[in-house]
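Work through these exercises with the structure open beside you. Try each task before you read its solution.

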Amino acid sequence: MKLKLFFTAAFALAVLIISYLVFSKPNYPMTFSNMDKVGHTVSFFGLTFLAYFAFKPKWYWMALIMTAYAILIELIQSQIPYRSASVADVVADLVGVVLFYLLLFVFRKYQAAKLFKKRPLKSAL
């Protein structure tokens with residue numbers, strides 16, 4: 001129960017921080033090309049991770065909610081003079097969501113394989 005509360009609080013804090021960053025005036029240097037897209041992907045991977053452990057939603061609800069949040073961010077940014085909206089940013093956000101579920105799937109398969117390893121054959125003697 002304490003862990004669920006931790007993830008819920010961390011998720012709420014992450015939403016606040018990400019929302020602040022995407023609506024504030026950018027004042028950071030672009031150290032490499034597509035740094036913005038990497039930031040979107042990592043942010044939404046983290047949000048999905050925290051939301052998954054806080055709420056355990058079905059994947060399709062998570063995808064729907066994260067898509068709505070990504071689109072909402074871009075719609076609001078389109079109305080802010082020093083920001084701009086981009087479909088590529090929404091795609092980068094959704095890549096973060098998909099990446100989380102892909103890694104979760106691989107992790108679960110790995111855990112299942114580890115649990116059901118074949119035991120060594122005993123000699124017939």
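## Exercise 1: A buried residue in α4

Task: Decide whether D89 is buried or exposed, then place D89 and list its contacts.

Solution.
- Step 1. Start with accessibility. The relative accessible area of D89 is 4%. Buried means under 20%, so D89 counts as buried in this predicted model.
- Step 2. Find the element. D89 sits in helix α4.
- Step 3. List the contacts, leaving out residues up to four places away in sequence. D89 touches D36, K37, H40, E74 and Q77.

## Exercise 2: How confident is the prediction?

Task: State the mean pLDDT of the protein chain, and say which elements have the lowest and highest means.

Solution.
- Step 1. Take the whole chain. Its mean pLDDT is 90. A value of 70 or more is reached by 94% of its residues.
- Step 2. Go element by element. The lowest mean, 93, belongs to α4. The highest, 96, belongs to helix α3, residues 59-78.

## Exercise 3: The largest pocket

Task: Describe the largest pocket by its volume and its lining.

Solution.
- Step 1. Give the volume. The largest pocket holds about 480 Å³ of space.
- Step 2. Turn to the lining. It has 21 residues, and the closest to the pocket centre are V22, Y28, D36, H40 and R83.
- Step 3. Name the elements. Two or more lining residues come from each of α1 (2-23), α2 (35-55) and α4 (87-115).
- Step 4. Find the largest share. It comes from α2, with 7 residues.
- Step 5. Sort the lining by type. There are 10 nonpolar, 6 polar and 5 charged residues.
- Step 6. Link back to the first exercise. D36 and H40 are among the residues closest to the pocket centre. Both also appear among the contacts of D89.

## Exercise 4: T41 and its partners

Task: Work out whether T41 is buried or exposed, and which residues T41 touches.

Solution.
- Step 1. Place the residue. T41 belongs to helix α2.
- Step 2. Check accessibility. T41 has a relative accessible area of 15%. The cut-off for buried is under 20%, so T41 is buried.
- Step 3. List the contacts, again leaving out residues up to four places away in sequence. T41 touches A92, V95 and G96.
- Step 4. Look closer at A92. Its backbone oxygen lies 3.0 Å from a polar atom of the T41 side chain.

## Exercise 5: Partly exposed residues in α4

Task: Classify R108, V91, A88 and Q111 by accessibility.

Solution.
- Step 1. Recall the cut-offs. Buried is under 20%, exposed is over 50%, and partly exposed is in between.
- Step 2. Take R108, in helix α4. Its relative accessible area is 47%, so R108 is partly exposed. The side chain of R108 also makes a polar contact with the side chain of Y52, at 2.2 Å.
- Step 3. Take V91, found in helix α4. V91 is partly exposed at 47%. Its C-alpha lies 8.8 Å from that of K37, although the two are 54 residues apart along the chain.
- Step 4. Take A88, also in helix α4. At 39%, A88 is partly exposed. From A88 to H40 the C-alpha distance is 9.8 Å, with their positions 48 residues apart in sequence.
- Step 5. Take Q111, again in helix α4. Q111 is partly exposed at 28%. The C-alpha atoms of Q111 and V42 are 24 Å apart, and the residues are 69 apart along the chain.

## Exercise 6: A backbone angle

Task: Locate K56 and describe its phi angle.

Solution.
- Step 1. Find K56. It lies in the loop between α2 and α3.
- Step 2. Read the angle. Phi of K56 is near 50 degrees. That is a positive value, in a residue other than glycine.

Technical notes: Residues are numbered from 1 along each chain as its sequence is written. This is a predicted model: local features need pLDDT of at least 70, side-chain atom pairs count only at pLDDT 80 or more; totals for chains, interfaces and linings use all residues. Side-chain values use heavy atoms; hydrogens and water are left out. On a 1 Å grid over the protein atoms alone, a cavity is a set of points where a 1.4 Å probe fits but cannot get out, and a pocket is an open set with protein on both sides within 12 Å along at least five of seven lines; lining residues have an atom within 4 Å of a point. Grid points are joined across faces, edges and corners, and a volume is the space filled by probe spheres set on the points. Helices (H or I, at least four residues) and strands (E, at least two) are DSSP runs, numbered from the N terminus. Ala, Val, Leu, Ile, Met, Phe, Trp, Tyr, Cys and Pro count as nonpolar, Asp, Glu, Lys and Arg as charged, and the others, Gly among them, as polar. Buried means under 20% relative accessible area, exposed over 50%, partly exposed in between (1.4 Å probe, protein chains only). A polar contact is a pair of N or O atoms within 3.5 Å; within protein, one must be able to donate a hydrogen and the other to accept it, and residues adjacent in sequence count only if both atoms are side-chain atoms. Contact means heavy atoms within 4.5 Å. pLDDT is the predictor's confidence in each residue, from 0 to 100.
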